[in-house]
Amino acid sequence: MAAYERFVHSDAASFAAELAEVDRLAALLTEHVAASEAIDRAHQYGAQSRAIQAEVATLLVTVLGFAQEVVVPPSTGFVTLARPDFYYPLSPGRGVLAEVERGGTTNNNHDLKDVWKAHISPDAQHLFLVVPVANWNAADGVRERPFARVIRRMGSFFGEPRREVDILSAHVFGYGRSDTPWRIPPGLESPAQF
């Protein structure tokens, strides 16, 4: 069963066709993440998010046409240029930001930084956030459960016009096992070896 949650702005009805396309992309990513043993192998204690990002890229970039590490033009008045992990243009001036997080998802507020990035970007109205279901400690115990926390945090930005951000939809995808970590077989140094 794939870990997935979707949040939609209260004004989303006027963008039904665009939202249908984003939901189609989200469904494909949900299937990919749920079926990927490579993500489970890469999601090890102490591993970098690059390995997870590379596996997500096999679908987003290679199959769906997302661009990787693209600088999104700034909004008027902001000097910071958003550079998401992935970007998909839906139409001129409209698109999807996709971010892959790992260890700092909630304890370093990377999820909230991603919301802010999508919120201030004039060319992004949708956010895909790929986060671990659980992060492990050195003793194979659960250190934290980022997916559940991100869901609670993301929900605070949707559902009531007064508190909504300028993001039409946010999609949170959970990766990795939630019961026990996948272990690298003895004698192998990294998941990339097999």
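Let's start with a helix: helix 3, residues 49–60, lies across strand 2, strand 3, strand 4, strand 5 and strand 8, and its direction makes an angle of about 145° with strand 4. Keep in mind as you look around that this is a predicted model.

It helps to step back for a moment to the whole chain. The protein contains 5 helices and 8 strands, and along the sequence these follow the pattern β-α-α-α-β-β-β-α-β-β-β-α-β. Of its 194 residues, 45% count as buried. If you take the contacts with a separation of 6 or more, 67% of them link residues 24 or more positions apart.

Now find the sheet that helix 3 lies across. The sheet is open, has 6 strands in the order 1-8-5-4-3-2, and mixes its pairing. Its edge strands are strand 1 (3–8) and strand 2 (67–68), each of which pairs on one side only. As a general reminder, strands of a sheet pair through backbone hydrogen bonds, in either a parallel or an antiparallel sense.

Strand 8, residues 169–175, is a good place to see the mixed pairing. With strand 1, strand 8 pairs in the antiparallel sense over 6 bridges. Along that seam, Phe7 has Ala170 of strand 8 as its bridge partner, while Glu5 stands opposite Val172. With strand 5 the arrangement is parallel, and 7 bridges join strand 5 to strand 8. Here you can pick out Val130, which stands opposite Phe173.

How many of the residues of strand 8 are buried? The count is 7 of 7, so the strand is mostly covered. In a regular strand, the side chains alternate between the two faces of the sheet. In strand 8 both faces are covered: Ser169, His171, Phe173 and Tyr175 are buried on one side, and Ala170, Val172 and Gly174 are buried on the other.

Ser169 deserves a closer look. This serine is found in strand 8, and it is buried because its relative accessible area is 0%, against a cut-off of under 20%. Which side chains does the side chain of Ser169 meet in polar contacts? One polar contact, of 2.6 Å, is with the side chain of His126, and another, of 2.9 Å, is with the side chain of His171. Setting aside neighbours within four places in sequence, Ser169 is in contact with Phe7, Val8, Leu19, Val22, Gln125, His126, Leu127 and Phe158.

From strand 8, move to helix 1. Helix 1, residues 16–35, lies across strand 1, strand 3 (86–91), strand 4 (94–100), strand 5 (126–132) and strand 8, and runs at about 5° to strand 8. Helix 1 also brings us back to helix 3. The axes of these two helices come within 10 Å and cross at roughly 135°. Why are helix 1 and helix 3 described as oblique to each other? An angle of roughly 135° lies between the 65 to 115 range that counts as roughly perpendicular and the over 145 range that counts as roughly antiparallel, so the pair is oblique. The crossing of helix 1 past helix 3 is right-handed. Leu28, Leu29 and His32 of helix 1 make the contact with Glu55, Val56, Thr58, Leu59 and Leu60 of helix 3. In general, an α-helix has 3.6 residues a turn, so residues three or four places apart point the same way.

Follow the chain beyond helix 3 and you reach Val61, in the loop between helix 3 and strand 2. Is Val61 buried or partly exposed? Val61 is partly exposed, because its relative accessible area of 30% falls between the 20% and 50% cut-offs. Not counting residues up to four places away in sequence, Val61 touches Phe66, Gln68 and Phe86. Phe86 is 25 residues away along the chain, and the C-alpha atoms of Val61 and Phe86 are separated by 8.0 Å.

Our last stop is helix 5, residues 146–155. Since 7 of its 10 residues are buried, helix 5 is largely enclosed by the rest of the structure. The buried residues are Pro146, Phe147, Val150, Ile151, Arg153, Met154 and Gly155. What covers them includes strand 1, helix 4 (110–120), strand 5, strand 6 (135–136), strand 7 (142–144) and strand 8.

How values were computed
Residues numbered from 1 in each chain as written. Predicted model: local features only at pLDDT ≥ 70, side-chain atom pairs only at ≥ 80, totals over all residues. Heavy atoms only, no water. Pairing = 2+ DSSP bridges. Helix = DSSP H or I, 4+ residues; strand = E, 2+ residues; numbered from the N terminus. Contact = heavy atoms within 4.5 Å. Axes fitted to C-alpha atoms, helices over the stretch in contact; angles between N-to-C directions. Buried < 20%, exposed > 50% of the residue type's maximum accessible area, 1.4 Å probe, protein only. Polar contact = N/O pair within 3.5 Å; in protein donor to acceptor, adjacent residues only side chain to side chain. Parallel < 35°, antiparallel > 145°, perpendicular 65-115°, else oblique. Left-handed = near helix turned anticlockwise from the far one by under 90°.
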